[in-house]
Every structure is written in structure tokens, then in C-alpha cells.
Amino acid sequence: MTRLLVTLLTLTTLLAPAADLLRDDFTTTQHPTRKPTRGPWKIENGTATCTQDDALYAKFKDHGPVIWYDVKFTDATLTFQFKPDPATKTFVFTLNGAEGHVFRFVTSARGTGIRAFPPGPQDHASIALGKTGPALTPGAWTQVKITLTGPQATVQIGDTYTETVTHPSLARPKTTLGLGFSYGTLALKDIAIEATK
């Protein structure tokens with residue numbers, strides 16, 4: 001009987017769905033952890049859309065519009081879609097921790113670069129990881145999936161790019177997700193973070 005109970009508990013744990021840490025489908029204008037900043041974000045019809053305001057870009061020292069989410073996790077799977085217009089120069093995915101940046105990728109017309117940020121006094125001192133990923137695709141939705149497990153991250157962008165990178169800094173606790181861009185107009189949809197079992 002004890003063996004059967006242990007087996008059932010083990011199966012229940014293995015088959016249990018991953019816990020949602022964050023889900024934002026942009027069907028409501030308010031969300032408990034969504035913080036749109038540095039631009040006139042419009043939330044409607046399942047998307048968040050913003051066109052860069054050049055005066056705000058200059059005011060924030062050449063940092064474009066971004067949506068921040070306060071969400072605490074260490075290991076998780078993150079998914080979302082983004083759509084730049086032809087004037088968009090960069091899309092920026094950022095995970096921060098209590099000590100500053102932890103993990104980032106930046107996509108531009110030249111491709112995608114993945115970076116880790118070791119803790120320390122120099123917040124922007126980063127380490128390049130992996131091979132260059134795809135360039136921005138103006139006017140098209142790009143699906144992204146990032147799986148973080150300990151010091152490892154697997155980044156999937158679109159249908160053709162998958163890169164697994166490793167750095168000790170990636171195992172640090174995360175506290176904030178940022179999705180931002182520079183120039184032009186960007187749309188976001190279907191943002192989700194699920195805790196890894």
C-alpha cells in the first residue's frame with residue numbers, strides 16, 4: 001500500500017502542469033505586474049503597441065519604450081511574440097535580478113546577440129554567448145521561447161534558430177522581465193512565464 005501511494009504521488013508530481021508565474025494576453029488595460037514606460041503604450045485587441053517618442057528617448061539617455069514585469073523566479077520557460085515595423089532598429093529582451101542585469105538578447109538588422117551579466121559593480125559589463133541569431137523581421141510576428149535551467153538557457157527565435165548557452169550568472173534569481181525596443185513601432189502579445197518543475 002505504501003509503495004502504491006508513493007508511486008501515485010510521484011506520478012501526480014510528474015504530470016502536474018507547470019505553475020504560471022506570469023500570463024499577459026493584453027485583453028485588459030490593467031495587469032497587476034505590467035509596467036509600460038518610456039512611451040505611449042496602447043493595450044487593445046490582445047496586443048501592446050507603442051511608437052517611440054523621440055523626446056522621451058533622449059530624456060531617458062537613448063533608452064526606448066519598454067514594458068517591465070515584476071516577477072520572481074530562478075528556473076522557468078518564457079514565451080512571447082513581438083512584431084517590429086520597418087523603422088524599428090532593435091528589440092531588447094532583459095532579465096534583471098537584485099544586483100542588476102542577469103541575461104539579455106538584442107535583435108537588430110544585423111542579427112541577435114545573447115549576453116550574460118556577471119554580478120559586480122559594473123552593471124553593463126557583459127559576456128557574449130552563443131552564435132549570432134536572426135535579424136529583425138519587419139511586419140511579421142516572431143515567436144520566442146526561452147528555457148532557463150540553472151546556468152543554462154535555451155533560446156528559440158522563430159522556426160529556425162535554437163541556441164543553448166551556459167554561464168554561471170544565468171543561475172541567479174530573477175526579479176524583473178523587460179521587453180523593449182528602439183525607434184519605430186513595436187507590438188507584443190502572448191507573454192507567459194511558467195516555472196520549471
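Me: Why are E12 and strand E13 (residues 161–166) said to pair?
Reply: Two strands pair if DSSP finds at least two bridges between them, and E12 and E13 have six bridges in the antiparallel sense, so the criterion is met. In this pairing, Gln 156 stands opposite Thr 162 in E13. The model is predicted, so local features need pLDDT of at least 70 and side-chain atom pairs count only at pLDDT 80 or more, while totals for chains, interfaces and linings use all residues. Residues are numbered from 1 along each chain as its sequence is written, and side-chain values use heavy atoms, with hydrogens and water left out.

Me: What makes E11 and E12 a pair, and what lies between them?
Reply: Strand E11 (residues 142–149) and strand E12 (residues 152–157) share six bridges in the antiparallel sense, and Thr 147 stands opposite Thr 154 in E12. The two strands form a hairpin with two residues between them, where Gly 150 in the turn has a positive phi of about 55°. In the hairpin of E12 and E13, three residues lie between the strands, and Gly 158 takes a positive phi near 65°.

Me: Why are these elements called strands, and how many does the protein have?
Reply: Strands (E, at least two residues) and helices (H or I, at least four) are DSSP runs, numbered from the N terminus; on that basis the protein has two helices and 15 strands.

Me: What makes a residue count as buried, and what percentage of the protein do such residues make up?
Reply: Buried means under 20% relative accessible area, exposed over 50%, and partly exposed in between, with a 1.4 Å probe and protein chains only; buried residues make up 42% of the 197 residues.
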